[in-house]
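Biologist: I'm new to reading structures like this one. Let's put it on the screen and go through it together, one question at a time.

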Amino acid sequence: MATPIGNLGDISHRALEVLGRVDAVAAEDTRVTRQLLAHFGIAKRLIAVHEHNEKRVAKQVLALLAEGRSLALTCDAGTPAISDPGALLVAAARRAGFPVTPVPGPNAAIAALSASGLAAPHFLFYGFLPERTAARRRALAPLAKLPFTLVFFEAPHRVVESIADLRAALGGERRVVLARELTKLFETVHDCPLAEAEAWLAADPHRRKGEFVLIVEGAAGMPEAEDAGRRALEVLLAELPLKQAVALAAKIGGGGRKELYRMALELKRREP
Ligand code: SAM
């Protein structure tokens, strides 16, 4: 179940009702969840489930479920199993035939996206980039041409390096939204071209503190292959029958035949 990413007012009625009703809570860090429960006057048995013990805890949880007990799963903040432990436990419960019900609520990526103004029709949630520079640059290369808004999680001690690598890999003109400390006292949502983001971070050390979601505008327009295919199609259609023009345009420019066929019909329709 989802829990707040900062502002405790974001807990849902349903989350509180479920937390009050279950027999135990499997929590990423029992101290964090105990504090949350205490704030709402709930006392519960807590079972620690983190990336190093998830397999073992899954057995314990399955045994409790088999006894007819009910459990909630929480992470320290936000939605479990989203760049957080939980997926393995959920899969084990499902495989064993126990129902798993989501209790939706806060998630840092979606919160940032909703305030970014960059929520294009499609977005790619990447989560954390690799920590090491070389691996991070390798990971970024295939993202450069994707026409989707890109959403990253980042830690404060890596945000400057990651921004520099994002600029190098994706180009300085794209817009980036740095969403920091969402729902907390020092919440900041700053929007600028990637080329200006390093200077913005450098201007005030406070801007480099806290938890970040980085949202970057996707590559503009159509994928390159489709674009080249369209250009070829426009020339060929003037000289050849439609079917032949589509086949040749696909060979020259790449791109899917079905899409080129659709474009060809559209171009023909627009002919005077
Ligand atoms: N499962 C969580 C969720 O649903 O939001 C995400 C957990 S992930 C381990 C933690 C990362 O989420 C942080 O490093 C940061 O990138 C992002 N994050 C969490 N809380 C945030 C907040 N209040 N403001 C901005 N980013 C946040």
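Biologist: Which two strands each supply at least two residues of the shell around the ligand?
Modeller: Bear in mind that this is a predicted model, where local features need pLDDT of at least 70, side-chain atom pairs count only at pLDDT 80 or more, and totals for chains, interfaces and linings use all residues. Strands here are DSSP runs of E with at least two residues, helices are runs of H or I with at least four, and both are numbered from the N terminus. The two strands you're after are β5 (149-154) and β8 (212-216).

Biologist: How many residues surround the ligand?
Modeller: A residue gets onto that list if one of its heavy atoms lies within 4 Å of the ligand. Among the closest are T79, N107 and F212. The full count is 19.

Biologist: How far is the polar backbone atom of I5 from a nitrogen atom of the ligand?
Modeller: We call it a polar contact when two N or O atoms are within 3.5 Å; within protein, one must be able to donate a hydrogen and the other to accept it, and residues adjacent in sequence count only if both atoms are side-chain atoms. A backbone N or O atom of T79 sits 2.8 Å from a ligand oxygen, and one of L182 is 2.8 Å from a ligand nitrogen. For I5, the distance is 3.1 Å.

Biologist: How much of the ligand's area does the protein bury?
Modeller: Accessible areas come from the Shrake-Rupley method with a 1.4 Å probe, and for residues only the protein chains shown count as cover. On its own, the ligand exposes 580 Å². The protein buries 92% of that.

Biologist: Why does V213 count as buried?
Modeller: V213 is part of strand β8. Buried means under 20% relative accessible area, exposed means over 50%, and partly exposed is in between, using a 1.4 Å probe and protein chains only. V213 is buried because its relative accessibility is 4%.

Biologist: Which residue in the loop between β3 (71-74) and α4 (87-95) has a positive phi?
Modeller: Residues are numbered from 1 along each chain as its sequence is written, while side-chain values use heavy atoms, with hydrogens and water left out. The residue has a phi near 75° and isn't a glycine. At 32% relative accessibility it counts as partly exposed, and it is A81.

Biologist: And what is the phi of T183?
Modeller: T183 belongs to the loop between β6 (175-180) and β7 (188-193). With 25% relative accessibility, T183 is partly exposed. It isn't a glycine, yet its phi is positive, at about 70°.

Biologist: Is R231 buried or exposed?
Modeller: R231 sits in helix α9 (residues 224-237). Its C-alpha is 53 Å from that of E28, with their positions 203 residues apart in sequence. The relative accessible area of R231 is 51%, so R231 is exposed.

Biologist: What about L260, buried or exposed?
Modeller: L260 is in helix α11 (residues 257-270). C-alpha to C-alpha, L260 and G172 are 32 Å apart in space. The relative accessibility of L260 is 2%, so L260 is buried.

Biologist: Last one: how many disulfides does a search of the whole structure find?
Modeller: A disulfide is a pair of cysteine sulfur atoms within 2.5 Å. C75 is buried at 1% relative accessible area, and C192 is buried at 3%. As for disulfides, the search of the whole structure gives zero.
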